[in-house]
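Reader: I'm new to this one. Can you walk me through it?

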Amino acid sequence: MLRRSLQASALLVTVLCAGSALAQKKQGDVNVFLRGGVGDYTGDLGELSSTGPMWGLTLNVQPTTFLGLEVGYEGSHNKVSDTRLFDGPSLVRNGGSALIKVSPPFLTAVRPFAGVGLGLSYVDVRGAGAGLYDSDLMEEVPLAVGLEFNTGGLTAGVRGTYRVLIDQDFADVASNDNGGGLMDASLTLGARF
């Protein structure tokens, strides 16, 4: 009888330990986090705009330790500092992107990453400036690098993203050669599941 009780206890401890280890291994497969920071246009577009706030909400799925998939919403607000206008308009951008991230497989608590993806944003021109700036839908190629800190059910990080703007027709008349991109730096904070 004592032998069976010891065997049953050993089996119970083994199952509980395996379940706990499996739960710890599974935690972090899905991350949801908020982003906040600053961003500005670059090139000719950067000469016409000022640095402003950026924000976002991201869902990250980590199928393996070295590969991650992200989808997210991003927004930004930049004032136009065009000397041809007395009171320049604001560029309010709202859009989404999907990103493939790679990171070293042996680093999970502190995870550096690099990513590339595709995005689509709507730039809403608000205020004066009709004729020089028009609201427009633009395609983007986001390139991101960053560092994530993961512990238990929390994730935090810092990242920089440069978006190659495939289309920036909202500033066709205002910019000289229609060149430029969009760069931002942000902090992230969220939960891991």
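Reader: What do β6 and β7 form, and how many residues sit between them?
Author: β6 and β7 make a hairpin, with 2 residues between them. Gly152 in the turn has a positive phi of about 55°. Strands here are DSSP runs of E, at least two residues, and helices are runs of H or I, at least four residues, numbered from the N terminus.

Reader: Where does this model come from, and how are residues numbered?
Author: The model is predicted: local features need pLDDT of at least 70, side-chain atom pairs count only at pLDDT 80 or more, and totals for chains, interfaces and linings use all residues. Residues are numbered from 1 along each chain as its sequence is written, and side-chain values use heavy atoms, with hydrogens and water left out.

Reader: Back to the hairpin. How many bridges pair β6 and β7?
Author: There are 12 bridges, in the antiparallel sense. Two strands pair if DSSP finds at least two bridges between them. Glu148, for one, has Gly157 in β7 as its bridge partner.

Reader: Which way do the side chains of β7 point?
Author: They alternate. Thr155, Gly157, Arg159, Thr161, Arg163 and Leu165 point to one face and are buried. Leu154, Ala156, Val158, Gly160, Tyr162 and Val164 point to the other face and are not buried. Buried means under 20% relative accessible area, exposed over 50%, and partly exposed in between, with a 1.4 Å probe and protein chains only.

Reader: How many bridges join β7 to β8?
Author: 11 bridges join β7 to β8 (residues 181–192), and the two run antiparallel. In β8, Leu154 has Ala191 as its bridge partner, and Thr155 stands opposite Gly190.

Reader: What about β1 and β8?
Author: They are also joined by 11 bridges and run antiparallel. Val38 stands opposite Ala185 in β8.

Reader: What do the 8 strands close into?
Author: A barrel, in the order β1-β2-β3-β4-β5-β6-β7-β8, with antiparallel pairing. Neighbouring strands are turned by 25° against each other on average, direction ignored. One pair in it is β2 (residues 52–61) with β3 (residues 67–79), antiparallel over 8 bridges. There, Leu59 has Val71 in β3 as its bridge partner.

Reader: How many helices does the chain have, and how do the elements run?
Author: It has 2 helices, alongside 8 strands. From the N terminus the run is α-β-α-β-β-β-β-β-β-β.

Reader: Is Tyr41 buried or exposed?
Author: Tyr41 is buried, because its relative accessible area is 4%. Tyr41 belongs to β1 (residues 30–41). From Tyr41 to Asn78 is 37 residues in sequence but 8.5 Å in space, C-alpha to C-alpha.

Reader: And the chain as a whole, what share is buried?
Author: Of its 193 residues, 40% are buried.

Reader: New topic. How many cavities are there?
Author: The count is 3 cavities of 30 Å³ or more. A cavity is a set of points on a 1 Å grid over the protein atoms alone where a 1.4 Å probe fits but cannot get out. The largest holds about 90 Å³. Its volume is the space filled by probe spheres set on the points, which are joined across faces, edges and corners.

Reader: What lines the largest one?
Author: 13 residues line the largest cavity; Arg35, Glu74, Ser97, Leu99 and Arg159 lie nearest its centre. Lining residues have an atom within 4 Å of a point. Two or more lining residues come from each of β3, β4 (90–102), β6 (136–151) and β7 (154–165).

Reader: Which element gives the most?
Author: β3, with 4 residues.

Technical notes: Axes fitted to C-alpha atoms, helices over the stretch in contact; angles between N-to-C directions. 1 Å grid on protein atoms, 1.4 Å probe; cavity = no way out; pocket = protein on both sides within 12 Å on 5 of 7 lines; lining within 4 Å.
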